Amino acid sequence: MLRLIESKATVWAVFILVAFSYAMGLIVSLADPDLWGYMAFGYTFWTEPGFPYTDPFSYMPVNPVWIYHEWLTGVIFFPLYAGIGEEALQALRYIFAFLTLFLAYAAAKKRGAQTSLALMGLFFPAFAICTGYGPVRAQGFTYFFFALTLYLLETCRLSQRFKPLWLFPPVILLWCNLHGGFVAGLAVIGLYAAGEFLSRKPWKPYLFILAPCLAATLINPYGWAYWPYLIKAILMPRPEIYEWMSIWKAMSMGFKHLSIPLFMGLFPLALLFCLKPLQKNWSAVLVLAAVSWMAFSHMRHIPFMGIAMAALLPSGADYFIKTKSREASILLGAALLSMACLAVLNAKVVRAHFQYPHVLRNPLSIQALPESQVLPGQMAYPVDGVAFLREKGLHGNILTEFDWGQFVMWSLPDSKVSMDGRYETVYPDKVCREYFAFAYGRPGAGEYLTKYPHEMALLKDRSITSAQLAASPDWLLAYKGDGCVIFVHKGFLKRG
């Protein structure tokens with residue numbers, strides 16, 4: 001069995017399958033709602049004097065200081081988009097996605113895994129990583145830096161040479177200005193300090209490097225204020241946003257998401273490998289336990305679990321196979337099951353791509369599509385509604401859907417929005433609660449319509465929000481498009 005696994009034919013077969021599957025999983029042309037927020041911030045940064053410390057995009061009450069933890073992403077994305085086009089952003093996503101997978105593979109190899117086993121270890125984790133690299137998002141930087149962190153930590157742990165640790169302060173400095181996920185990097189360094197202490201190996205260098213790393217996080221446009229915001233953002237509940245659901249809640253609600261089967265496939269493997277080969281390497285055990293808990297608590301953290309497992313588990317597979325024990329048979333069975341599941345998932349991905357040929361026609365495109373042109377459950381945008389407002393020259397305060405807010409503020413720069421996906425960075429808690437009461441038809445929904453100066457409403461057709469306005473005598477239906485409707489307040493018409 002060992003000869004078969006280590007043969008060149010096996011290595012090439014596994015490499016081709018993983019590379020093809022990963023590439024197909026990354027072909028996503030639909031825009032993420034946050035992309036428009038990056039672009040709007042970047043445009044403001046490059047065209048307006050001074051740094052945008054206050055939000056210019058909403059007519060609602062906003063926080064005194066807009067602490068935007070993804071500000072540098074917008075600063076980078078906008079000139080790429082304006083100067084080269086959407087292809088530049090997609091190319092950047094593909095590059096970082098493959099670099100992340102390569103770093104996980106390199107860490108596995110450094111830990112002593114055979115080439116074939118290191119590649120096999122990418123099967124399920126690759127799909128988990130793909131869920132984070134779907135559309136263009138700032139999180140892509142976090143997953144890359146997380147993989148780089150694991151690689152550097154393993155380099156230091158195995159060589160017992162700690163000079164590479166001094167790469168972390170500049171990495172954290174860049175990371176904390178690109179995305180708030182840098183906290184995961186600090187946490188992993190801390191876990192390695194604890195793990196090496198438990199393993200009775202040098203642990204102080206990992207602990208000591210945290211001090212300059214923390215100091216580096218203060219080099220940002222907001223200074224000390226960044227950390228109180230970040231702690232609040234990490235701890236705050238987000239029940240209205242599906243990707244922040246736990247695996248358990250998503251399953252109990254009958255929610256269908258790729259993260260659920262991925263977690264169910266990855267978690268047993270994590271338990272299996274922690275039984276024997278990793279128990280003397282407490283750093284790996286602690287990291288696997290942490291990322292498993294993160295993935296279970298919030299579906300959006302599945303990519304962390306994928307990266308950690310791809311980097312840390314293949315060396316455990318080596319252990320099982322070389323001992324020729326019963327566990328080796330279990331491992332082989334688990335690997336075959338993973339490959340079978342991968343083949344099924346890959347077939348679905350390929351079929352979906354060919355059912356919607358606009359995706360394969362230009363995999364470097366970024367599209368905002370109306371409801372009739374997306375798969376069920378995918379993000380649709382009010383393309384027709386925005387075009388109607390432009391054509392009619394209408395601009396003002398637009399009450400819009402949560403997922404559409406950033407698209408509207410980017411597409412209609414002369415208008416302002418009621419709420420958008422930057423909500424905890426911009427809007428006070430009270431305003432957020434009032435908006436979601438309106439969005440879900442909870443008590444207080446009617447008060448939200450009369451309390452604030454809404455002039456127009458761009459909402460989803462056949463939704464709770466549009467039904468509320470349709471029933472109100474103060475609002476008139478002005479347009480009905482592909483999945484969206486536009487209402488105009490009577491007072492706005494009188495003023496116009």
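A cavity is a set of grid points where a 1.4 Å probe fits but cannot get out, and its lining residues have an atom within 4 Å of such a point. The legends below describe close-up views of a predicted model.

**Figure 1. The largest cavity and the residues that line it.** The structure holds one cavity of 30 Å³ or more, and the space in the largest cavity comes to about 100 Å³. Its lining is formed by Phe77, Leu89, Leu92, Arg93, Phe96, Gly132, Tyr133, Pro135, Val136, Arg137, Gly140 and Phe141. Two elements, α5 (86-110) and α8 (139-159), each give two or more residues to this lining. Helix α5 supplies the largest share, with four residues. By character, the lining residues divide into eight nonpolar, two polar and two charged.

**Figure 2. The whole chain, shown for orientation.** The chain contains 26 helices and five strands. Of its 496 residues, 55% count as buried. Among contacts in the chain with a separation of 6 or more, 72% are between residues 24 or more positions apart.

**Figure 3. Helix α11 and the helices around its buried residues.** Helix α11 covers residues 204-217 and has 14 residues. From its first C-alpha to its last it reaches 21 Å, close to the 20 Å expected at 1.5 Å a residue. The buried residues of α11 are Tyr206, Ile209, Leu210, Cys213, Ala216 and Thr217. An α-helix has 3.6 residues a turn, so residues three or four places apart point the same way. The buried residues of α11 pack against four helices, namely α8, α9 (168-178), α10 (182-198) and α12 (226-235). Helix α8 also appears in Figure 1, where it contributes to the lining of the largest cavity.

**Figure 4. Strand β3 and its two pairings, with β1 and with β5.** Strand β3 spans residues 456-460 and is mostly covered, as four of its five residues are buried. Strand β1 (residues 397-400) runs parallel to β3, and three bridges join the two. Within this pairing, Thr400 stands opposite Leu458 of β3. Strand β5 (residues 484-489) pairs with β3 in the antiparallel sense, over five bridges. Here Leu459 stands opposite Val485 of β5.

**Figure 5. Asn281, a residue in the loop between α14 and α15.** The loop that holds Asn281 lies between α14 (259-274) and α15 (282-297). Asn281 has a relative accessible area of 9%, and it therefore counts as buried, the cut-off being under 20%. Leaving aside residues up to four places away in sequence, Asn281 touches Arg111, Arg157, Glu196 and Ser199.

**Figure 6. Arg238, a residue in the loop between α12 and α13.** Arg238 is found in the loop that separates α12 from α13 (247-252). Its relative accessible area is 8%, so Arg238 is buried. When residues up to four places away in sequence are not counted, Arg238 touches Ala233, Trp244, Tyr423 and Glu424. One of these contacts, Glu424, is 186 residues from Arg238 along the chain, yet the C-alpha atoms of the two are separated by 9.8 Å. Helix α12, which borders this loop, is also one of the helices against which the buried residues of α11 pack.

Technical notes. Residues are numbered from 1 along each chain as its sequence is written. This is a predicted model: local features need pLDDT of at least 70, side-chain atom pairs count only at pLDDT 80 or more; totals for chains, interfaces and linings use all residues. Side-chain values use heavy atoms; hydrogens and water are left out. Buried means under 20% relative accessible area, exposed over 50%, partly exposed in between (1.4 Å probe, protein chains only). Two strands pair if DSSP finds at least two bridges between them. On a 1 Å grid over the protein atoms alone, a cavity is a set of points where a 1.4 Å probe fits but cannot get out, and a pocket is an open set with protein on both sides within 12 Å along at least five of seven lines; lining residues have an atom within 4 Å of a point. Grid points are joined across faces, edges and corners, and a volume is the space filled by probe spheres set on the points. Ala, Val, Leu, Ile, Met, Phe, Trp, Tyr, Cys and Pro count as nonpolar, Asp, Glu, Lys and Arg as charged, and the others, Gly among them, as polar. The expected span of a helix is 1.5 Å times one less than its number of residues. Contact means heavy atoms within 4.5 Å.
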